[in-house]
Amino acid sequence: MNIEKFILKFVNFFNLNRKIIQRNGDKYLTRYYVFRKPVKWMPSIYIHCFHRGDEDTSSSGNYVLHSHPWDLSFSLILSGSYVEERLISTKIKTRVFNPGNINIIAANDFHRVDTLTPKVWTLFLSGSKTQDWGFIDPITNEYTQWEEFTKNKRLITKTTSEGQWTTQN
């Protein structure tokens, strides 16, 4: 049995809640909630399926990098591969993550990922929330908080038998 079939059997057996995030009408990420922290100091655990890479752009059309709201998070690649672009000092560094690799992401890290395979499955652990999501244009160095970044984009969330869908246009 391949890992994707195993993951799907797991999430179906435990009837895990899921949120499907779309960008411009296409699936971007499916998030399965394995464990949601009941208290702030505990981690949350998710299974993510990336259907495609990050495609957020600034008003000038440049791809932007995003930060995470948690003090620390870990992404274990279960299946598939992605390439990460991460801002380190003033330079973009590129790394490839394959099954078995762990990507450690701190709150002040800015990155984006592009899928190298049709789907990328990860086990994602998030720490305590310390900030909002943020976006930075690596060309202009312009920073924008999540609310400001998405205010001109249409966000629609609906719940169906397939899960909760969030669409960004």
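How many bridges join E2 to E3, and in which direction do the two strands run? There are 6 bridges between them, and E2 and E3 run antiparallel, where strands count as a pair if DSSP finds at least two bridges between them. Before I go further, please keep in mind that this is a predicted model, in which local features need pLDDT of at least 70, side-chain atom pairs count only at pLDDT 80 or more, and totals for chains, interfaces and linings use all residues. Residues are numbered from 1 along each chain as its sequence is written, and side-chain values use heavy atoms, with hydrogens and water left out.

Let me begin with the chain as a whole. The protein chain has 2 helices and 14 strands, taken as DSSP runs numbered from the N terminus, with at least four residues for a helix (H or I) and at least two for a strand (E). Of its 169 residues, 43% are buried, and here buried stands for under 20% relative accessible area, exposed for over 50%, and partly exposed for what lies in between, with a 1.4 Å probe and protein chains only. The protein chain exposes about 9700 Å², of which carbon and sulfur atoms supply 53%; these areas come from the Shrake-Rupley method with a 1.4 Å probe, and for residues only the protein chains shown count as cover. If we take contacts, meaning heavy atoms within 4.5 Å, between residues at least 6 apart in sequence, then 62% of them join residues at least 24 apart.

Now back to the strands. Strand E1, residues 18-23, is joined to E2 by 6 bridges, and these two run antiparallel. E1 and E2 form a hairpin with 2 residues between them, and Asn24 in the turn has a positive phi of about 55°. Within this pairing, Lys19 stands opposite Arg31 in E2, and the charged end of Arg31 sits over the ring of Tyr46, 5.1 Å from the ring centre. For that description, NZ of Lys or CZ of Arg has to be within 6 Å of the ring centre and within 35 degrees of the ring normal. Tyr46 also appears in the pairing of E2 with E3, as the bridge partner of Tyr33. Further along, strand E6 (residues 82-88) and strand E7 (residues 91-97) run antiparallel and are joined by 7 bridges, with Val96 in E7 as the bridge partner of Val83. Their hairpin has 2 residues between the strands, and Ser89 takes a positive phi near 60° there.

What about the interior? The largest nonpolar core has 9 residues, namely Ile21, Tyr28, Leu29, Phe50, Ile77, Tyr82, Phe97, Val113 and Val120. A core of this kind is a set of buried Ala, Val, Leu, Ile, Met, Phe, Trp, Tyr and Cys residues joined through side-chain atoms within 4.5 Å. Apart from it lies another core, of 7 residues, including Val11, Leu16, Tyr32 and Ile47.

Turning to the rings, a search of the whole structure finds 12 aromatic pairs, where rings of Phe, Tyr and Trp (its six-membered ring) pair if their centres lie within 6.5 Å, and planes under 30 degrees apart count as stacked, over 60 as edge-to-face and the rest as tilted. The rings of Tyr28 and Phe50 have centres 6.2 Å apart and planes at 85°, so this pair is edge-to-face. Because Tyr28 lies in strand E2 (residues 26-35) and Phe50 in strand E3 (residues 44-50), the pair ties together parts that are 22 residues apart in sequence. Both Tyr28 and Phe50 are buried. Trp70 and Trp133 form another edge-to-face pair, at 5.5 Å centre to centre and 75° between the planes. Trp70 is buried, with a relative accessible area of 9%, whereas Trp133 is partly exposed, at 27%. Ring pairs link these two tryptophans with Tyr33, Tyr46 and Phe124 into a cluster.

I will finish in the loop between E3 and E4, where Asp54 is found. Asp54 is buried, with a relative accessible area of 3%, and, leaving aside neighbours within four places in sequence, its contacts include Tyr28, Tyr63 and Arg112. Arg112 in turn lies over the face of Tyr63, at 4.1 Å from the ring centre.
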